[in-house]
Amino acid sequence: MNSIITLDEFIIKRQKDFPYASGELTGLLRDIGIAAKIVNREVNKAGLVNILGIADQQNASGDTVQKLDIYANEKFISCLKNSGECAGISSEENEDFVSFPNVESKSSKYIVVFDPLDGSSNIDVNVSVGTIFGIYRRISDPNGPCTLEDFLQKGTEQVAAGYVLYGTSTLLVYTTGRGVNGFTLDPSIGEFCLSHRDIQIPKRGNYYAVNQGYYLKFDVEIRRLIDHYSDKNLGLRYIGSMVADIHRILFQGGIFLYPNTRKYPYGKLRLSYELNPLSFIVEQAGGKAMTCQLERIMEVELKELHQRNTIAIGSPDMVDEMKQFVERYSAVAMM
Ligand code: AHG
């Protein structure tokens, strides 16, 4: 029988790789695992109780909020607040960042950014949704509350990032900058168990993911790229939950695109909560992530908490190909 390695055991084992680690990051990752289990329980029974559907409010980015978004947001905040290992959080569902006032939290080295339930428009129809998180070392004075500058660090400053996919099975995938590992929740023992060691993204894939309904609203270079995929007989797969699309691409290869449209001139997705953490994971797995204006995602300057950016992310050869199309056709458009 293969021996099972749980998420907790794995995290503790990895801590030994960092001789001066204090255990704070280890504790934080474990707390995120606990919050994920609590949210997973509610996602799984969502059809059974009156928790599905749209709540009567909008989030900070102006999107309609689902009830489960609120639930997941509250659970993640309370788990992180009670842990004492996190100085504060910034969530896609909150207008502003939250600084935790308790003594242990205030002196913590880390802050966490997260999207508690990405793809929430899929909840009502039983399609996969996910949680995305990024962890940063705070740069403000550890003797006081955390500040806005802690949350406006570039993606390159992340010390860890991950996602939880609430799908046919529930998976937690994370990186601390030394490769990417995936853990599947075993409901019989209530533990995330190591199931995907050292994930490597294929150099190319047979699928692309984009909301092709916006085709006519994309710039010419992106339209030509999509035409090229069609010429090459690539398949289109688009779930509407970025976590689920990225999860497939990590294992099967491919590219995910969310370019600028007339409605979203800077792209729709949020740099802090979605793009930076997923880019850290994909790069650690050997992939690439850049804006459709060809800037590496993790180097984009974050000027405000809910900033949106465009993205092309996935297999390295396919992101390079996107770059070539942008260089070639945007130059033609300018002539
Ligand atoms: P939300 O969490 O508000 O449902 O947004 C989901 C995100 C992302 O996960 C997905 O890829 C994208 O928005 C879908 O947007 P479009 O419907 O515009 O394609």
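## Helix α7 and the residue after it

Gly 253 comes directly after helix α7 and has a positive phi, near 80°. The model described here is a predicted one, and the values given for α7 and for the other elements are computed from that model. Helix α7 itself spans residues 242-252, and because nine of its 11 residues are buried, the helix is largely enclosed by the rest of the structure. The buried residues are Met 242, Val 243, Ala 244, Asp 245, Ile 246, His 247, Arg 248, Ile 249 and Leu 250, a list in which Asp 245, His 247 and Arg 248 appear alongside residues such as Val 243 and Leu 250.

## The ligand and its surroundings

Met 242, which is one of the buried residues of α7, also belongs to the surroundings of the ligand, where a backbone N or O atom of Met 242 lies 2.7 Å from a ligand oxygen atom. Two tyrosine side chains also make polar approaches to the ligand: a polar side-chain atom of Tyr 238 is 2.5 Å from an oxygen atom of the ligand, and an N or O atom in the side chain of Tyr 214 is 2.8 Å from a ligand oxygen atom. The ligand taken alone exposes 470 Å², of which the protein buries 87%.

In total, 14 residues surround the ligand, and the closest of them are Gly 119, Asn 211, Tyr 238, Met 242 and Tyr 258. When the residues of this shell are sorted by character, six are nonpolar, six are polar and two are charged.

## Aromatic pairs

How many aromatic pairs does the model contain? The count comes to nine, and among these is the pair formed by Tyr 208 and Tyr 229, which is tilted, with 4.7 Å from centre to centre and 35° between the planes. Tyr 208 belongs to strand β11 (residues 207-209) and Tyr 229 to helix α6 (residues 220-231), so this pair ties together parts that are 21 residues apart in sequence. Both partners count as buried, Tyr 208 at 4% relative accessibility and Tyr 229 at 0%.

Elsewhere, ring pairs join Phe 10, Tyr 174 and Phe 183 into a cluster.

## Arg 328 in helix α9

Arg 328 is part of helix α9, which covers residues 316-334, and with a relative accessible area of 44% Arg 328 is partly exposed. The charged end of Arg 328 sits over the ring of Phe 325, at 5.1 Å from the ring centre. Arg 328 can also be placed relative to Glu 221, since the two residues are 107 positions apart in sequence but 7.7 Å apart in space when taken from C-alpha to C-alpha.

## Buried residues in a loop and a helix

Is Gln 153 buried or exposed? Gln 153 lies in the loop between α5 (148-151) and β7 (158-166), and with a relative accessible area of 8% it is buried. Its side chain takes part in two polar contacts with backbone oxygens: a polar atom of the Gln 153 side chain is 2.9 Å from the backbone oxygen of Arg 137, and the side chain of Gln 153 reaches the backbone oxygen of Asp 150 at 2.9 Å.

Pro 277 is found within helix α8 (residues 271-284), where it is buried, with a relative accessible area of 0%. The C-alpha atom of Pro 277 is separated by 9.7 Å from that of Thr 156, a residue 121 positions away along the chain.

## Asparagines with positive phi

Besides Gly 253, with its positive phi, positive values are also found in residues other than glycine. Asn 126, located in the loop between β5 (110-118) and β6 (129-137), has a phi near 65°, and its relative accessible area of 73% makes this residue exposed.

Asn 233 has a positive phi as well, near 60°, and lies in the loop between α6 and β12 (235-236). Asn 233 is exposed, with a relative accessible area of 67%. The helix that precedes this loop, α6, is the helix that contains Tyr 229, the buried partner in the tilted pair with Tyr 208.

Notes. Residues numbered from 1 in each chain as written. Predicted model: local features only at pLDDT ≥ 70, side-chain atom pairs only at ≥ 80, totals over all residues. Heavy atoms only, no water. Phe/Tyr/Trp six-rings, centres within 6.5 Å; stacked < 30°, edge-to-face > 60°. Helix = DSSP H or I, 4+ residues; strand = E, 2+ residues; numbered from the N terminus. Buried < 20%, exposed > 50% of the residue type's maximum accessible area, 1.4 Å probe, protein only. Lys NZ or Arg CZ within 6 Å of the ring centre and 35° of its normal. Near = heavy atom within 4 Å. Polar contact = N/O pair within 3.5 Å; in protein donor to acceptor, adjacent residues only side chain to side chain. Areas by Shrake-Rupley, 256 points an atom, 1.4 Å probe, with all protein chains shown as cover. Nonpolar A, V, L, I, M, F, W, Y, C, P; charged D, E, K, R; others polar.
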